[in-house]
Amino acid sequence: MAIFLGQVAAALAAGNSVIAKPAEQTTLIAHRAVRLLHEAGIPETVLQLLPGDGATVGNALTGDDRVAGVAFTGSTEVARLINRRLAARDTAIATLIAETGGQNALIADSSALPEQLVKDAIASAFQSAGQRCSAARVLFVQRDIADKVMTMLAGAMAELKVGDPGLLSTDIGPVIDDEALAILNAHAERMDREATPIATVALGPDCQHGCFFAPRAYELTALSQLHREVFGPVLHVIRFDGDRIDSVIDQINASGYGLTLGVHSRIDSTIERIASRARVGNCYVNRNQIGAVVGVQPFGGEGLSGTGPKAGGPHYLPRFATERTLTVNTTASGGNASLLTLSE
């Protein structure tokens, strides 16, 4: 809801009419949100909800010459489709603001506090059942502390409870639909063959019905074992030698994604080295890497992770407007030259 309303509100604040097309899995909450905006005074002619699947409704919208721009949050593959669809129109060039996924990594050197690291890794990888675009997918941990961290990670995961998210006792709820569950199950089957299992959270008897996936962690030998983003509660752990930290950053940059990066270290020079070399939109130090606060941590990626500008940042709203300038030569009337900037 936060992502959906953030995009709608930004477009409205910049003076646009908005067609709000939610993901087909989130129609009910989008409907309620739009109804509340109407009740708050936004005219129905200015904000209209148009639910449906992407192949039909989304395709029709992005191919319509009357659409001036699209703000999209979702997968990199769908963002590419939208970009091609907009570019194929024989009309004005449309604006595309895309915030997509990421192969988000968390890097921990030997100076990291293992207890804090494990706590933040658990939150980053498994909160919201790993269905945040900012969620940690890979934990690079220095070899000196790797065994201890993985033992603690397995122990912490054993305390997690998967179940009904409406219960306070639940830590992790279901994934969004059967399709997401099938993708995660297929990935887990491949990891069971190609990686070393670290831990799997047990599913209780109340998880027999619904899209429940057991959160799990695997040890990999290299980032190249992951072919694409795995959107769910799966954490992949990779050991690295302390003198190979530049190689770790190179692997992350080579993936093409650039959304979030976590760094756990108590050495300032290491933190600065990683942050300056990593091509990511958001770098979080000694904390989890989810839950950016609007106005405090502007959020957005680069490369395969989005176009920018960052939501919650100073450049976001102007992207929803077209700038025009009016320059007046007032010399003949004895006044001063002036420049007026207009936005539409």
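This passage walks through the overall make-up of the chain, three helix pairs and two loop residues.

The model is a predicted one, in which local features need pLDDT of at least 70 and side-chain atom pairs count only at pLDDT 80 or more, while totals for chains, interfaces and linings use all residues. Residues are numbered from 1 along each chain as its sequence is written, and side-chain values use heavy atoms, with hydrogens and water left out.

The protein chain holds nine helices and 15 strands; these are DSSP runs numbered from the N terminus, with helices being H or I of at least four residues and strands E of at least two. Its C-alpha trace spans about 80 × 50 × 35 Å along the principal axes. Of the 344 residues, 43% are buried (buried means under 20% relative accessible area, exposed over 50% and partly exposed in between, with a 1.4 Å probe and protein chains only). Among the contacts with a separation of 6 or more, 67% join residues 24 or more positions apart, a contact being heavy atoms within 4.5 Å.

Two packed helices are described by the angle between their axes and the distance between the axes. Axes here are lines fitted to C-alpha atoms, for helices over the stretch in contact, and angles run from 0 to 180 degrees between N-to-C directions. A good place to begin is helix α1 (residues 2-13), whose axis comes within 10 Å of that of helix α2 (residues 27-39), with a crossing of roughly 40°. The crossing of α1 and α2 is right-handed (the near helix is turned clockwise from the far one by less than a right angle; anticlockwise would be left-handed). F4, L5 and V8 of α1 meet A30, A33, V34 and L37 of α2. This contact has seven nonpolar residues, no polar and no charged ones; Ala, Val, Leu, Ile, Met, Phe, Trp, Tyr, Cys and Pro count as nonpolar, Asp, Glu, Lys and Arg as charged, and the others, Gly among them, as polar.

Next come helix α5 (residues 114-126) and helix α6 (residues 143-158), which pack at about 55° with their axes 10 Å apart. That angle makes α5 oblique to α6 (angles under 35 degrees count as roughly parallel, over 145 as roughly antiparallel, 65 to 115 as roughly perpendicular and the rest as oblique). Their crossing is right-handed. On the α5 side the contact is formed by P114, E115, L117, V118, I122 and F126, and on the α6 side by K148, V149, M152, L153, A156 and M157. By class these are 10 nonpolar, no polar and two charged residues.

In the third pair, the axes of helix α8 (residues 245-254) and helix α9 (residues 268-277) come within 10 Å and cross at roughly 25°, so α8 and α9 are roughly parallel to each other. I245, D246, I249, D250 and N253 of α8 touch T270, R273, I274 and R277 of α9, giving three nonpolar, two polar and four charged residues.

Turning to the loops, S305 sits between β13 (302-303) and β14 (323-328). S305 is buried, with a relative accessible area of 0%. Leaving out residues up to four places away in sequence, its contacts include T100, G101, Y257 and L259. The side chain of S305 reaches the backbone nitrogen of L259 at 3.4 Å.

F231 lies in the loop between β8 (216-220) and β9 (234-240) and is partly exposed, at 39% relative accessibility. The C-alpha atoms of F231 and C133 are 7.7 Å apart, with their positions 98 residues apart along the chain. Beyond neighbours within four places in sequence, F231 touches G130, Q131, R132, C133, R137 and L184.

Key: Polar contact = N/O pair within 3.5 Å; in protein donor to acceptor, adjacent residues only side chain to side chain.
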